[in-house]
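Work through these exercises with the structure open beside you. Try each task before you read its solution.

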Amino acid sequence: MGSLAGKNKLRVLRQWRDLPQVAAVVVMFAFFWIITEANGTTPFSGANVANSLNYFGEYGLFALALGITMILGEFDISTLGTFALGGMIAIKLGGSNPWLGALIAIACCAAFGLAQGYIIAKFKMNSMTVTVGGYLITLGLCGAIGKNTQGSLLNANVPPFLQQNIATVFSPMSLFVFALFAIAGVTLRYTSMGRKFLAMGGARKSSRAIGLPVNRYVTLTFMLSAALASLSGVLYSYSTATSLVDPGLQPFLFVVTAVLVGGVGLSGGRGTPFGIACGAVTLSFLYGVFMTTAATPNISDTVYGCLLLVVAIWSAPSLKEWLGSFTAHPIFRRDQETKVAA
Amino acid sequence: MTVISPVAADSKSLGSLVKKVSLVQVAAVLVAAILIIFGVITNNFFTLSTFQGILNTSGIIAIVSIGVTFMTLSGNLFTLSASVTVLVLGQAFLELVHLGPFPAILIILVMGAIIFGLQGWLVGRLGANVIIITVAAGFLQQGVAEYLSGSNPSILAPAGITSYLWMRNTYGGILFSVWAMFGIVILGELFLRRTVAGRQIYLVGENRAAARTAGINVKRVTIIAFIAAGICIAFAATLQAAYTQNVYSQGPYTFDAIVAVLIGGTSVLGGKGSLIRTVFGALVVSYLSQMMIMRGYNPPTQIFVQGLLLFGVVVVMQLSERGRN
């Protein structure tokens with residue numbers, strides 16, 4: 001009886017879609033622990049985890065922004081621009097009232113996302129090319145608002161507030177981001193809106209055929225992704241007290257890798273906010289490893305680049321076919337024939 | 001017997017003319033008009049020296065853009081790591097130039113072909129996402145280059161070696177890079193129009209399924225398009241390194257090239273376009289850049305205007321293609 005219950009539990013665990021992502025978090029956490037202890041300068045403590053989770057707080061929502069467009073079968077490169085623009089607007093306007101600065105930043109970027117999403121949905125356009133234009137527009141706006149110089153936050157109370165310690169490993173920023181991931185996860189899993197969203201990502205034509213409002217969902221998703229990316233930019237700027245004129249492709253490397261490690265499929269319809277959160281936490285622990293070992297940019301760039309390459313290859317649609325071409329080789333076939341004969 | 005009044009006939013011919021004029025043509029005329037008007041109201045813009053400057057700055061951008069055009073024509077969008085490749089291969093050229101300019105150029109071209117060929121294999125054979133692969137490849141190149149150079153951000157030309165300086169000279173008032181661009185356009189167009197592989201690039205970009213049905217090896221064609229892109233970008237890197245003699249930061253090539261390709265009228269979905277059009281697009285990018293510098297606009301404003309232009313071009317072209325289909 002007991003063994004039957006145990007087998008059932010094992011089966012449920014195997015069927016859990018996000019199990020590989022959870023395993024990735026555990027493995028990376030263990031690696032982070034071992035490396036920190038082996039490094040010998042300071043013993044592993046809650047502060048190490050808190051620093052890594054603050055990194056998650058800064059970039060996590062950016063990953064969610066990109067992830068939801070990918071689940072819908074689209075790709076929003078302009079999130080990189082709205083990330084920078086959100087941070088810049090918040091820094092410029094949030095000196096006396098950080099809440100107001102954040103609100104205006106998110107509203108402006110959401111309005112941009114809405115317009116961009118409307119054009120993509122209405123004219124059924126390739127989102128990758130349209131959002132490259134969107135990226136340049138928002139990046140240009142960001143530089144123009146910041147007069148081509150890095151901005152700094154006048155209110156000195158904001159960064160310590162966002163990074164203050166809660167329960168040893170958390171901060172208000174990381175908890176807030178975890179809460180938003182939880183809301184996104186519950187919405188996708190337990191509401192009809194979420195299920196329709198997943199259906200549209202997996203089968204766009206069929207969704208249109210059965211009368212689902214695909215255009216409305218695409219438009220709103222781009223609006224939401226712009227709002228989330230800008231909120232991520234606001235959190236980054238408020239926690240570091242600076243805003244970037246041009247973040248380059250570095251944040252994009254982090255979030256794309258996080259989303260793919262998080263199990264989001266490039267063809268749409270596959271992935272969960274929980275998986276994306278796991279992917280982002282995994283990479284935040286990797287960032288912690290780099291911090292502990294004081295890794296130079298060449299090492300972190302190479303490792304992140306390799307990781308992205310591996311997950312991109314892993315999620316490539318023809319990978320199985322290519323691997324299958326090896327097993328179809330006469331050597332393997334003879335082996336199989338021998339097995340069949342036996 | 002019906003008599004058509006001259007006014008009615010005129011309005012009828014005007015109507016048929018309006019029907020014939022496509023959205024792309026209207027947009028092109030509009031953009032040209034805006035560029036000319038802004039040129040007129042900019043002091044000393046329409047002078048020979050300004051246009052010489054535009055032509056000279058467009059050379060390297062155009063060669064990178066020609067490389068990207070091969071990718072776009074084959075239906076594989078564009079690369080997001082052109083700037084990194086130009087930087088890394090430019091640094092490598094300055095490190096190797098002591099071997100002599102021609103062996104160094106040859107090695108760099110082979111390196112460019114390998115770097116892009118591998119990316120092409122991942123995209124063509126495994127069906128990996130081109131944007132993600134090019135971003136990853138960019139960071140890998142950057143990481144490896146930083147490691148090899150000992151994280152030295154600036155690579156200077158070796159002192160005392162002058163054998164490669166012909167690459168930075170002007171001939172008839174025009175930089176060597178511009179003459180090289182004309183040569184590459186001619187060779188590239190011959191490759192695209194007169195060879196089987198070139199024509200296959202068009203067909204694969206136009207209709208991948210049809211190309212596959214026709215027995216064309218789509219994977220091989222994709223890899224060839226990427227290799228062509230890599231060779232062009234590598235050559236641009238050698239010209240850039242020879243011209244500046246100090247390679248230390250990424251140029252604006254990635255997005256300049258994308259804007260040039262799409263403004264030139266190459267279809268973003270592949271199969272339609274030409275290298276000559278891309279050169280025209282690169283000239284527009286240089287014109288815009290020069291005009292904005294002369295009007296005192298800062299780089300972010302230039303990026304913003306480029307973004308608006310790109311956004312508009314992509315929307316108009318996709319709408320136009322849909323209308324045709």
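**Exercise 1: A residue in a loop**

Gln245(B) sits in the loop of chain B that runs between α10 (218-244) and β4 (246-247). The model is a predicted one.

Task: State the sign of phi for Gln245(B), and decide whether Gln245(B) is buried, partly exposed or exposed.

Solution.
Step 1. Read the backbone angle. Phi of Gln245(B) is near 60 degrees. That value is positive, in a residue other than glycine.
Step 2. Read the relative accessible area. For Gln245(B) it is 23%.
Step 3. Apply the cut-offs. Buried means under 20%, and exposed means over 50%. Gln245(B) is therefore partly exposed, at 23%.

**Exercise 2: A residue in a helix**

Task: Place Met71(B) in its helix, classify its exposure, and list what Met71(B) touches beyond four places in sequence.

Solution.
Step 1. Find the element. Met71(B) belongs to helix α3 of chain B, residues 48-73.
Step 2. Check the exposure. The relative accessible area of Met71(B) is 0%, so this residue is buried.
Step 3. List the contacts. Leaving out residues up to four places away in sequence, Met71(B) touches Asn76(B), Leu77(B), Phe78(B), Thr79(B), Phe116(B), Val130(B), Phe226(B) and Ala229(B).
Step 4. Add a distance. Met71(B) and Gly230(B) are 159 residues apart along the chain. Their C-alpha atoms are separated by 9.8 Å.

**Exercise 3: The whole of chain B**

Task: Describe the fold elements of chain B, and explain why chain B counts as compact as a globular protein of its length.

Solution.
Step 1. Count the elements. Chain B has 13 helices and four strands.
Step 2. Compare the radii. The radius of gyration of chain B is 22 Å, and the globule rule gives 20 Å for 325 residues. The two values are close, so chain B is as compact as a globular protein of that length.
Step 3. Look inside. Of the 325 residues in chain B, 52% are buried.
Step 4. Look at the contacts. Take those in chain B between residues at least 6 apart in sequence: 77% of them join residues at least 24 apart.

**Exercise 4: The interface**

Task: How many residues of each chain are in contact, and how much area do chains A and B bury between them?

Solution.
Step 1. Count residues. In chain A, 47 residues are in contact with 44 residues of chain B.
Step 2. Give the area. Chain A and chain B bury about 3,900 Å² between them. Carbon and sulfur atoms carry 78% of it.
Step 3. Name the main contributors. Thr129(A), Leu136(A) and Asn298(A) lose the most area in chain A to chain B. Together they make up 15% of what that side buries.

How values were computed
Residues are numbered from 1 along each chain as its sequence is written. Chains are lettered from A and ligands numbered from 1 in the order in which they are written. This is a predicted model: local features need pLDDT of at least 70, side-chain atom pairs count only at pLDDT 80 or more; totals for chains, interfaces and linings use all residues. Side-chain values use heavy atoms; hydrogens and water are left out. Helices (H or I, at least four residues) and strands (E, at least two) are DSSP runs, numbered from the N terminus. The radius of gyration is taken over C-alpha atoms; the globule rule is 2.2 Å times the number of residues to the power 0.38. Buried means under 20% relative accessible area, exposed over 50%, partly exposed in between (1.4 Å probe, protein chains only). Contact means heavy atoms within 4.5 Å. Buried area is the accessible area (1.4 Å probe) that two parts lose on being put together, summed over both.
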